[in-house]
Amino acid sequence: MKENRIIAAAVLAVGIVCLGCFIKSGIDDFANKDRKVNVKGLAETEVEADKVTWPIVSKEVGNDLPELYNRVGVTQQKIKAFLVRNGIKETELTQNAPQVVDLQAREYSDNNKQYRYIITSVIIVTSGDVKKVRGILARQGDLLKEGVAIVDGGYDNPVRYEFVSFKEMKPKMMQEAIENAEKTAQQFAENSHSRLDKIVSADQGQFSIDNRDENTPYIKKVRVVTTVTYSLKD
């Protein structure tokens, strides 16, 4: 009987000790559950565009519509020959249907225009060889010698540079952003005399691709910002 009482007392004592440990752990967890640090990680790099879209716009004006269409055809052939001579492939060219504006058909027209018709034609170059196309852009004045005037594409037909290989570098940039976020969080933990614990939450990051500046639209700045929340412990 005495031995049974001793065993029972020992079991009770162990149970009380374990209960105390559990209670302490719960209190610590409760006390530390709101100890978090929310940080942002940044990664950015500059890359060259790997796709260019160049709409080449030309216009013809006159009063004889069939004759104008013939002139448009000649102009387009000269533009295509110029591009091919400079290394553009036929598969990189797209020709849109000419757009005709009848000035006399416009409402409130005074009908005193020197020319009745304006025909706009667009040949589009789409290429992954950005450097080659940029070189041709610099030489497009050579077409003037052949009587071809290239007009500004304006808002509707700008030269566009893109970076389409973005998906290939996305995982690496995300990793760099998270590592930078962890460094910031680690410094915060040290300053607060704590230690960094597990990640509580994290987002997938917000990516942006912008021109480096207005003068070099073919150079892109790729940027990602991710937000990570860590828990802190003493």
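Mentor: A residue counts as buried under 20% relative accessible area, as exposed over 50%, and as partly exposed in between (1.4 Å probe, protein chains only). This is a predicted model, in which local features need pLDDT of at least 70, side-chain atom pairs count only at pLDDT 80 or more, and totals for chains, interfaces and linings use all residues. Residues are numbered from 1 along each chain as its sequence is written, and side-chain values use heavy atoms, with hydrogens and water left out.

Trainee: Does Thr229 count as buried or exposed?

Mentor: Thr229 has its place in strand β9. Helices (H or I, at least four residues) and strands (E, at least two) are DSSP runs, numbered from the N terminus. With a relative accessibility of 10%, Thr229 counts as buried.

Trainee: With which side chain does the side chain of Thr229 make a polar contact?

Mentor: Leaving aside neighbours within four places in sequence, Thr229 is in contact (heavy atoms within 4.5 Å) with Lys36, Val37, Asn38, Lys198, Ile199, Val200 and Ser201. A polar contact is a pair of N or O atoms within 3.5 Å; within protein, one must be able to donate a hydrogen and the other to accept it, and residues adjacent in sequence count only if both atoms are side-chain atoms. At 2.7 Å, the side chain of Thr229 makes such a contact with the side chain of Asn38.

Trainee: Which element gives the largest share of the largest nonpolar core?

Mentor: A nonpolar core is a set of buried Ala, Val, Leu, Ile, Met, Phe, Trp, Tyr and Cys residues joined through side-chain atoms within 4.5 Å. The largest such core has 18 residues, of which Trp54, Ile79, Leu83, Ile88, Val125 and Val133 touch the most other members. Two or more residues come from each of β2 (51-62), α2 (65-85), β5 (117-127) and α3 (130-138). The largest share, four residues, comes from α3.

Trainee: How many residues make up the other core that lies apart from this one?

Mentor: In the largest core, Val125 touches Val52, Thr53, Trp54, Ile56, Leu83, Ile88, Glu92, Leu93 and Val133, not counting residues up to four places away in sequence. Apart from this core lies another; Val47, Met173, Met174 and Ala177 are among its residues, which number 10.

Trainee: Within what arc do the buried residues of α3 fall?

Mentor: The buried residues of α3 are Val130, Val133, Ile136 and Leu137. They line one face of the helix, because the directions from the helix axis to their C-beta atoms fall within an arc of 125°.

Trainee: Which residues are exposed on the other side of α3?

Mentor: The buried residues of α3 are covered by elements that include β2, α2, β5 and β6 (160-162). On the other side of α3, the exposed residues are Lys131 and Ala138.

Trainee: Which residues are linked with Glu46 in a network of salt bridges?

Mentor: A salt bridge is a side-chain nitrogen of Lys or Arg within 4 Å of a carboxyl oxygen of Asp or Glu, and a search of the whole structure finds eight. The side chains of Arg212 and Glu46 meet in one of them (3.4 Å, N to O), although Arg212 lies in the loop between β8 (206-211) and β9 (219-233) and Glu46 in strand β1 (residues 36-48), 166 residues apart. The side chains of Asp213 and Arg212 meet in another (3.6 Å, N to O). Glu46 is thus in a network with Arg212 and Asp213.

Trainee: What is the relative accessibility of Glu46?

Mentor: Asp213 is partly exposed, with a relative accessible area of 30%, and Arg212 counts as partly exposed at 36%. Glu46 also counts as partly exposed, and its relative accessibility is 43%.

Trainee: Which element has the lowest mean pLDDT?

Mentor: pLDDT is the predictor's confidence in each residue, from 0 to 100; the mean for the chain is 84, and 83% of its residues reach 70 or more. Over residues 9-20 the pLDDT is below 50, and beyond near neighbours in sequence this stretch has zero contacts in the model. Where pLDDT is low, the predicted coordinates should not be read in detail. The highest mean among the elements, 96, belongs to β6, and the lowest, 47, to helix α1 (residues 2-32).

Trainee: What distance separates the C-alpha atoms of Lys172 and Ala43?

Mentor: Lys172 is found in helix α4 (residues 166-191) and counts as exposed at 65% relative accessibility. Lys172 and Ala43 are 129 residues apart along the chain, and their C-alpha atoms are separated by 9.5 Å.
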